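Please take me through this complex in the viewer, stop by stop. Tell me what to select next and what is there.

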Amino acid sequence: MEREQAQQEISMIREMIEKTKAETAESGWFFILIGIFIMVATSGIALLESLNLHQWVWVALVVMLVGGAVIGHFTIEKKTRVRTYAKTVWVSTWTACSMAILLMTFLFPFLDLYPMSTVPVLALLVIGVAVFVTGVIFETRAVIYSGFVWWAGAIGMALVFDITRLYIMLATLFLGWVLPGIILNRQYQRRSHA
Amino acid sequence: MNHAQILQLDPLIHAPIRLGILSILVAVESAPFSYLKDRLDTSDGNLSTHLTKLEQAGYVSIEKSFQGKRPLTTCFMTEMGRKAFETYLEQLERIVKTTKSGE
């Protein structure tokens, strides 16, 4: 084997690996769509609360969970059916964090462990962990920093109790979820067209 | 570059299609047969032959299942395959380096 041939083979291997990574990378659509959906749903729930239509809040929560699952189903890339370690760890992280959020929202407040008003603070802390880990998994600094946005949001939530909480939630969702989704999507587009 | 270095290269990996299969599988956890076929632009029979050779060598493992009514063949790289691929890449780099310094 000549040196040129060896070099060609090395470049072919690198190209193959890079193309595979680009094709199987996270497109960011999951973040963008689910972020916008939750922003709308959160505003809707706040509106129902302000109109004293508390009985409808549960319906809205169920719609939110089902809607989120549907968006997740259609936006997590399945077309190639290629499994990557990154996506396996990512899905596991979010499954574990979602489980924790479900327990801290629907179980512990009813066991009188803490008041319902504590739930958003705890939820934002856990989401911050999941977002931070997501950034590390996808090697995207902007997403790693978004974890701090969620933790800052949790501090904000702990300090206020009125409608300001909604504004904090919406700002956190946009800055800590939709924006990183847009960044991931741009990164994905760049890598796909490279 | 000397003759001994060429002989050291794993002949099982050296074939272009097999090298392509391992280059894809090293970047993922698993890939379906159809994905490998599309990426390598080869026929079912050809890919199947190369995959069988890699499986017999213990470099890949193949799992057959069903998705609905359609058969699904999923390919994984084994730990042995990963080590063999790394060694192969190191040897290629060594060839490039030694011929460079020997010029």
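**Stop 1: a buried arginine**

Select B:Arg39. This residue is buried, because its relative accessible area is 14%, under the 20% cut-off. Keep in mind that the model is predicted.

Now add A:Glu23. The side chains of B:Arg39 and A:Glu23 meet in a salt bridge, with 4.0 Å from N to O. The pair crosses between chains: B:Arg39 sits in helix α4 (residues 33-40) of chain B, and A:Glu23 in helix α1 of chain A. A:Glu23 counts as partly exposed, because its relative accessibility is 30%.

**Stop 2: along helix α1 of chain A**

Stay on helix α1 of chain A and select A:Arg14. Which residue of chain B forms a salt bridge with A:Arg14? The partner is B:Glu93, and the closest N and O atoms are 3.2 Å apart. B:Glu93 belongs to helix α6 (residues 79-102) of chain B.

Is A:Arg14 buried or exposed? A:Arg14 is exposed, with a relative accessible area of 51%. B:Glu93 is partly exposed, at 32% relative accessibility.

**Stop 3: a loop-to-loop pair**

Select A:Arg83 and B:Glu29. They form a salt bridge, and the closest N and O atoms are 3.0 Å apart. This pair also crosses between chains. A:Arg83 lies in the loop between α3 (55-75) and α4 of chain A. B:Glu29 lies in the loop between α3 (16-25) and β1 (31-32) of chain B.

Colour the two by accessibility. A:Arg83 is partly exposed, with a relative accessible area of 43%. B:Glu29 is buried, with a relative accessible area of 14%.

**Stop 4: the whole interface**

Zoom out and select the contact residues of both chains. Chain A contributes 24 residues and chain B contributes 33 residues. Together the chains bury about 2500 Å², with 63% of that on carbon and sulfur atoms.

How many salt bridges are there between chain A and chain B? The count is three. Over all chains, the count comes to four salt bridges. Polar contacts between chain A and chain B come to eight residue pairs, both residues being at pLDDT 80 or more.

Hide chain B and look at the side of chain A that touches it. Helices α1 (3-23) and α4 (85-106) of chain A each supply at least two residues there. Helix α1 of chain A gives the most, with 14 residues. By type, this side of chain A divides into nine nonpolar, six polar and nine charged residues.

**Stop 5: helix α4 of chain A**

Select A:Ser98, which lies in helix α4 of chain A. A:Ser98 counts as partly exposed, because its relative accessibility is 35%. Then draw a distance to A:Ala130. The two residues are 32 residues apart along the chain, and their C-alpha atoms are separated by 9.2 Å.

**Stop 6: confidence**

Bring chain B back and colour by pLDDT. Chain B averages 88, and 89% of the residues score at least 70.

Where in chain B is confidence lowest, and where is it highest? Select helix α1 (residues 3-8) of chain B for the lowest, at a mean of 60. Then select helix α5 (residues 44-56) of chain B for the highest, at 96. Where pLDDT is low, the predicted coordinates should not be read in detail.

For the complex, the predictor gives an ipTM of 0.83 and a pTM of 0.77.

How values were computed: Residues numbered from 1 in each chain as written. Chains lettered and ligands numbered in written order. Heavy atoms only, no water. Contact = heavy atoms within 4.5 Å. Buried area = accessible area lost by both parts, 1.4 Å probe. Polar contact = N/O pair within 3.5 Å; in protein donor to acceptor, adjacent residues only side chain to side chain. Helix = DSSP H or I, 4+ residues; strand = E, 2+ residues; numbered from the N terminus. Nonpolar A, V, L, I, M, F, W, Y, C, P; charged D, E, K, R; others polar. Buried < 20%, exposed > 50% of the residue type's maximum accessible area, 1.4 Å probe, protein only. pLDDT = per-residue confidence, 0-100.
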